[in-house]
Amino acid sequence: FIPTHIGQTRTSPDVPSEEKIPAMVGFSEQVLDVPENAGSAHIYIKRTGDLSKESSVRCHTSMDVSAVAGKDYEAYDEIVVFAPEEDFKVIEIKIIDDTKAEKEKETFKVELDQPATACQVDAKMKEMLVRIIDDDGDSGK
């Protein structure tokens, strides 16, 4: 009798897998307040889990709530690429400073989607609300 598994390795179903948890990406916070005269909103995207491989995710302004793209901020739509071992990225969305006094904070949403290369989007941290705080008068109430 000659064994059929000579030179082969077998793993038992009871042996824990050596696979790492896939990379997970999400915003560092769900709401960001930015002064209208700041010039831009700095948005942090964090990555956790298996950082050994390159990962990417699409980041884009997804919805005007009360702010208007092109008037209050510049629309953004880019693929953000994480190099191996990189755990965060900062993107900038230009804020347009006008001279009109607004009584309320102007808001828009930013979203993460279309993850690629061993990467997932954290469902709890895939959207961010950016609130632009007016600097031209009595605002932010």
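Visitor: How many disulfides does a search of the whole structure find?
Guide: Zero, taking a disulfide as a pair of cysteine sulfur atoms within 2.5 Å. This is a predicted model, where local features need pLDDT of at least 70 and side-chain atom pairs count only at pLDDT 80 or more, while totals for chains, interfaces and linings use all residues. Residues are numbered from 1 along each chain as its sequence is written, and side-chain values use heavy atoms, without hydrogens or water.

Visitor: Is C59 buried or exposed?
Guide: C59 is buried, at a relative accessible area of 0%; buried means under 20%, exposed over 50%, partly exposed in between, with a 1.4 Å probe and protein chains only. C119 also counts as buried, at 10%.

Visitor: Which residues touch the most other members of the largest nonpolar core?
Guide: I43, I45, C59 and F108, out of 24 residues. Such a core is a set of buried Ala, Val, Leu, Ile, Met, Phe, Trp, Tyr and Cys residues joined through side-chain atoms within 4.5 Å.

Visitor: What does I43 touch?
Guide: Leaving out residues up to four places away in sequence, its contacts (heavy atoms within 4.5 Å) include F27, L32, K89 and V110.

Visitor: Changing topic: what is the strand order in the open sheet?
Guide: β6-β3-β1-β8, with mixed pairing. Strands are DSSP runs (E, at least two residues), numbered from the N terminus, and two of them pair if DSSP finds at least two bridges between them. The edge strands are β6 (88-94) and β8 (119-121).

Visitor: How many bridges join β1 to β8?
Guide: Three, and the two strands run parallel. V25 stands opposite V121 in β8.

Technical notes: Helices (H or I, at least four residues) and strands (E, at least two) are DSSP runs, numbered from the N terminus.
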